[in-house]
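Below is a set of questions and answers for a reader who is new to protein structures. Please look at the sequence and the model first, and then follow the reasoning of each answer.

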Amino acid sequence: MEEHKHEPVPYRTFIKVWIALLALTVVTVVVSRIHFGAANIWIALGIASVKSSLVIFIFMHLRQESRLFKIGLLILLVILAIFIGLTFTDILYR
Amino acid sequence: MSIEHRDDTGARFGMWLFLYTEVILFSGLFILYAVSLAKYPHQFAEASHKLNIYFGSINTLVLLTSSLTIALAITAIQRNQIKPTLILCGVTVGLGALFMVNKYFEWSMEISHGIYPGSEHLAEMGNGITTFFNLYYFTAGLHGLHVVLGGSLIAVVAVLVAKGKVTAERYTLLENSALYWHLVDLVWIFLFPLYYLIL
């Protein structure tokens, strides 16, 4: 089988993603200084998830990888959800 | 001609699998964090205020930028631009070192204020704050170790690039090192708001 070669991602794409990451960092810091109560932590996690997706799909080239790699990520996320979810069913209803 | 077994996609997938186990390692620490936050919400906020937000923010910028430079290095090697590849690897390692220098000053400051695992000063502040700082030192310490390992790996691979052993035709080693470096960045993306920015 011929090795599937990735097209180089243009420099410009990476720089745009970097600017988006910096902007999201500023948003996280600013929003964290405003009181939203318990929502603060969920907002922080939401922004961190968006930043992670940018890093994973573009910086780490996941966008260009085959479906196998994406299914792998999905399985990881399901495992994490079970891991965290089951821990909290224990913690919250003790 | 010798027969060579080569599977770049397989090598990359192996790296991804390894990174998943790394995520599970760190997620254990984040679960401990979540459980403790649910138990001591006010103490965690109080403890978080003792961390220096400037150190945290600057280190975030440093790591995000280093993630950019190593991503650019991959494009450079794919285009067979060896000199830019080496420069970008060098900048990445330099930024990793800068991250650790900042960490050194940050931790020195905290330790000089009596905030370190096992200190009496910390014990006097109660269980919640002690838990926060124990987790902080362990998670950030493990992350710092990953920065050192990732930086060393990139430095070694850069030498191989300079020697012509890692080339535009064959750059999986550099790509996998870059993947590892991005993981270091990913962990920090969650660590920073959770530890530094609780209100």
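**Questions on a predicted model**

Chain B has 199 residues, of which 55% count as buried. The model is predicted, and the turns below go from the fold of chain B to its rings, its charged pairs and its contact with chain A.

Q: How many helices and how many strands does the secondary structure of chain B come to?
A: Read from the N terminus on, the elements of chain B run α-α-α-α-α-α-α. The C-alpha atoms of this chain fill a box of roughly 70 × 30 × 25 Å along the principal axes. The count for chain B is therefore zero strands and seven helices.

Q: Among contacts in chain B between residues at least 6 apart in sequence, what percentage join residues at least 24 apart?
A: Contacts of this kind are counted in chain B once the two residues are at least 6 apart in sequence. Those that join residues at least 24 apart make up 83%.

Q: Is the pair of rings of B:Trp107 and B:Tyr136 stacked, edge-to-face or tilted?
A: Over all chains, the count of aromatic pairs comes to 20. In the pair of B:Trp107 and B:Tyr136, the ring centres are 6.4 Å apart, and the pairing rule asks for centres within 6.5 Å. Their planes stand at 55°, and since planes under 30 degrees apart count as stacked and those over 60 as edge-to-face, this pair is tilted.

Q: Which helices of chain B hold B:Trp107 and B:Tyr136?
A: The pair links distant parts of the chain, its two residues being 29 residues apart. B:Tyr136 is buried, because its relative accessibility is 1% and the cut-off is under 20%. B:Trp107 lies in helix H4 (residues 82-112) and B:Tyr136 in helix H6 (residues 127-162).

Q: What kind of aromatic pair do B:Phe132 and B:Phe133 form?
A: Both B:Phe132 and B:Phe133 are buried, and they belong to one aromatic cluster that also includes B:Trp107 and B:Tyr136. Their ring centres lie 5.2 Å from each other, with 85° between the planes. Because planes over 60 degrees apart fall in this class, the pair of B:Phe132 and B:Phe133 is edge-to-face.

Q: With which residue does the side chain of B:Thr69 make a polar contact?
A: B:Thr69 has its place in helix H3 (residues 53-78) of chain B, and it counts as buried because its relative accessibility is 8%. Leaving out residues up to four places away in sequence, B:Thr69 touches B:Leu88, B:Val91, B:Thr92 and B:Leu95. The polar contact, at 2.7 Å, joins the side chain of B:Thr69 to the side chain of B:Thr92.

Q: Which residues are linked with B:Arg12 in a network of salt bridges?
A: Over all chains the structure holds three salt bridges. B:Arg12 forms a salt bridge with A:Glu65, the closest N and O atoms being 2.7 Å apart, and B:Glu175 forms a salt bridge with B:Arg12 at 3.8 Å. B:Glu175 lies in helix H7 (residues 172-196) of chain B and B:Arg12 in helix H1, so this pair ties together parts that are 163 residues apart in sequence. The residues linked with B:Arg12 in the network are A:Glu65 and B:Glu175.

Q: Does B:Arg6 count as buried, partly exposed or exposed?
A: B:Arg6 forms a salt bridge with B:Asp8, with the closest N and O atoms 2.8 Å apart. At 11% relative accessibility, B:Asp8 counts as buried. The relative accessible area of B:Arg6 is 30%, and because buried means under 20% and exposed over 50%, B:Arg6 is partly exposed.

Q: About how much area do chain A and chain B bury between them?
A: The contact takes 46 residues from chain A and 50 residues from chain B. Across this interface there are one salt bridge and eight residue pairs in polar contact, both residues being at pLDDT 80 or more. Of the area that chain A and chain B bury between them, 75% is on carbon and sulfur atoms, and the total is about 4,300 Å².

Definitions and conventions. Residues numbered from 1 in each chain as written. Chains lettered and ligands numbered in written order. Heavy atoms only, no water. Phe/Tyr/Trp six-rings, centres within 6.5 Å; stacked < 30°, edge-to-face > 60°. Helix = DSSP H or I, 4+ residues; strand = E, 2+ residues; numbered from the N terminus. Buried < 20%, exposed > 50% of the residue type's maximum accessible area, 1.4 Å probe, protein only. Contact = heavy atoms within 4.5 Å. Buried area = accessible area lost by both parts, 1.4 Å probe. Salt bridge = Lys/Arg side-chain N within 4 Å of Asp/Glu carboxyl O. Polar contact = N/O pair within 3.5 Å; in protein donor to acceptor, adjacent residues only side chain to side chain.
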